Amino acid sequence: MSIFLKNPKKLLKIGVLAAILLSGCTTPITPDFSAMSKKYANVLEQYQIDLIFTNIIRASLDHPLSFLDMPNITGTGSIVTIPGALATFGNTGPFVASPLSGALGLVTPSLSMQVGNSFNFSQSSLDNSSFWKPFLTPIQLDAAKYFLHNHIPREVIFSMVVDEIAVSYPDGQEKKFFNNPLRAEYPEFQKVMYQLLSYGLNVQSILNETYEGQPMTVAQLEKNYGAGYVNLLAGHGMKLIPANKPSNNSQVATYQIIKSAPEFKLCIKQNQFRNDVIKNYGSDLLCQPLANSNPNPAKEPQTTFAFRSVKNIYDFLGQVTDAQLANPPYLVTLLPTEDTIAKKTNESNRYALFVVNRNKNGKTFSTMDALDDNTYSIPRENNGYSTLVINILSQFQALAKSPGSIPSSPAVLIK
């Protein structure tokens with residue numbers, strides 16, 4: 001003990017050494033990168049939802065749409081441990097000496113820690129022709145087919161992608177049904193849509209048969225395709241049908257090559273509604289004509305569908321928003337078909353297509369402050385199909401995005 005009293009510098013060195021030893025025995029603390037990445041994923045998800053909702057509100061206000069993408073994200077995390085010692089002068093502790101002599105009364109090891117993390121990301125504008133051309137192109141049937149499953153109501157998909165239904169009658173008249181809730185005749189569109197859905201209207205994969213070349217004799221077929229021409233043609237999705245019926249021995253039988261290729265068609269395949277479909281909408285709406293039927297298109301109605309582009313879906317949802325915020329309000333509601341799985345049975349708006357509030361407080365799924373000084377939001381509860389609509393629209397938008405639509409990084413770098 002006398003040694004420490006006579007040489008306080010040694011005591012200081014021992015105290016510092018003790019602090020270092022303590023820090024070495026302490027379990028190192030590392031940044032929680034898992035929590036950081038989850039937090040970023042949540043932020044990015046909300047960013048994408050808010051961007052879609054913002055453009056729906058812009059469409060309702062007749063403002064130009066604008067899209068941004070976040071192609072790159074880089075993050076850093078660091079932790080620094082700083083050991084030290086706290087010296088106390090005085091008469092406390094096991095070592096007593098006069099402060100005037102410079103001796104230490106007590107040495108307390110200490111450990112300080114600094115933790116930091118940061119993210120840098122770039123925002124790229126999609127306002128270019130490579131993005132807008134497919135964005136303005138009508139949605140193809142194969143894309144709509146992706147969403148026609150039993151867990152997604154057909155009435156939701158058709159309300160989003162079908163812009164109008166036109167029926168042409170044999171007397172030359174034509175009637176159009178517009179899918180716009182701001183128009184007075186909108187209930188007529190819903191009536192026709194639900195009638196077709198009750199018949200079983202759906203996107204079906206069918207074989208489209210077309211003539212391949214001119215009718216040929218057996219000798220010509222063998223010359224062009226060999227002796228096993230039947231199997232060779234079948235291997236390429238083709239078949240033969242008789243092209244003529246020889247009435248005497250001088251005529252030679254000829255055969256027509258039919259090429260079959262799969263394609264998607266918006267049609268009805270339930271045969272029990274065949275007569276009603278032909279009478280009201282024409283036989284072209286049947287997926288496959290019946291073998292015993294002999295339709296006469298000149299005496300039947302003809303039905304055509306106009307499909308929306310992704311941009312038009314934004315316009316339509318803007319119209320839905322305008323309708324429910326008008327005076328008096330009109331909330332677009334899609335009554336369930338027989339295949340619809342009932343969800344949110346305890347909510348009054350469970351069948352509403354898209355629910356938007358203006359300047360209302362409460363828990364929200366998405367919120368945006370518009371240029372008209374109003375705050376618009378999708379409520380977190382009792383919001384009908386709103387979250388499903390945002391989900392489907394984001395996927396349609398991703399399908400319409402071409403590889404060259406995103407500018408090379410960096411664009412706008414935000415730290």
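A polar contact is a pair of N or O atoms within 3.5 Å, and within protein one of the two must be able to donate a hydrogen and the other to accept it. In the predicted model described here, one such contact, of 2.7 Å, joins the side chains of Ser283 and Glu300. Ser283 is found in the loop that runs between helix 10 (274-280) and strand 8. Because buried means under 20% relative accessible area, Ser283 counts as buried at 12%.

It helps to step back to the overall picture. The protein has 415 residues, of which 36% are buried, and its secondary structure comes to twelve helices and twelve strands. Of the contacts between residues at least 6 apart in sequence, 70% join residues at least 24 apart.

The loop that holds Ser283 also takes part in a covalent link. Searching the whole structure turns up one disulfide, formed by Cys267 and Cys287 with their sulfur atoms 2.0 Å apart. The link of Cys267 and Cys287 is right-handed, with 90 degrees about the S-S bond. Cys267 belongs to strand 7 (residues 255-267) and Cys287 to the loop between helix 10 and strand 8, so the disulfide ties together parts that lie 20 residues apart in sequence. Both ends are buried: Cys267 has a relative accessible area of 0%, and Cys287 one of 6%.

Strand 8 leads on to the first sheet to be considered. This open sheet consists of three strands in the order 4-3-8, with antiparallel pairing. Its edges are strand 4 (174-178) and strand 8 (302-307); each has a single partner strand, so one side of each is left without a neighbour in the sheet. Direction ignored, neighbouring strands here are turned by 15 degrees against each other on average. Six bridges connect strand 3 (residues 162-168) and strand 8 in the antiparallel sense, and Ile165 has Phe305 in strand 8 as its bridge partner.

Two helices lie across this sheet. Helix 6 (residues 154-161) crosses strand 3 and strand 8, running at about 85 degrees to strand 3. Helix 7 lies across strand 3, strand 4 and strand 8, and runs at about 95 degrees to strand 4.

In soluble globular proteins, nonpolar side chains tend to be buried together. Here the largest nonpolar core has 71 residues, and those with the most contacts inside it are Leu196, Tyr314, Leu353, Phe354, Ile392, Leu393 and Phe396. Helix 7 (residues 186-199) gives the most to this core, with eight residues. Leaving aside residues up to four places away in sequence, Leu196 touches Ile165, Leu201, Ile268, Tyr281, Leu285 and Phe305. Two of these contacts, Ile165 and Phe305, are the residues already met as bridge partners. Apart from the largest core lies another, of six residues, which include Met216, Leu233, Met238 and Ile257.

A further open sheet completes the description. Three strands form it in the order 9-11-10, again with antiparallel pairing. Strand 9 (357-358) and strand 10 (364-369) stand at its edges, each with a single partner strand, so one side of each has no neighbour in the sheet. Strand 10 pairs with strand 11 (residues 375-379) over five bridges in the antiparallel sense, and Asp369 stands opposite Thr375 in strand 11.

Terms used: Residues are numbered from 1 along each chain as its sequence is written. This is a predicted model: local features need pLDDT of at least 70, side-chain atom pairs count only at pLDDT 80 or more; totals for chains, interfaces and linings use all residues. Side-chain values use heavy atoms; hydrogens and water are left out. A nonpolar core is a set of buried Ala, Val, Leu, Ile, Met, Phe, Trp, Tyr and Cys residues joined through side-chain atoms within 4.5 Å. Buried means under 20% relative accessible area, exposed over 50%, partly exposed in between (1.4 Å probe, protein chains only). Helices (H or I, at least four residues) and strands (E, at least two) are DSSP runs, numbered from the N terminus. Contact means heavy atoms within 4.5 Å. Two strands pair if DSSP finds at least two bridges between them. Axes are lines fitted to C-alpha atoms, for helices over the stretch in contact, and angles run from 0 to 180 degrees between N-to-C directions. A disulfide is a pair of cysteine sulfur atoms within 2.5 Å.
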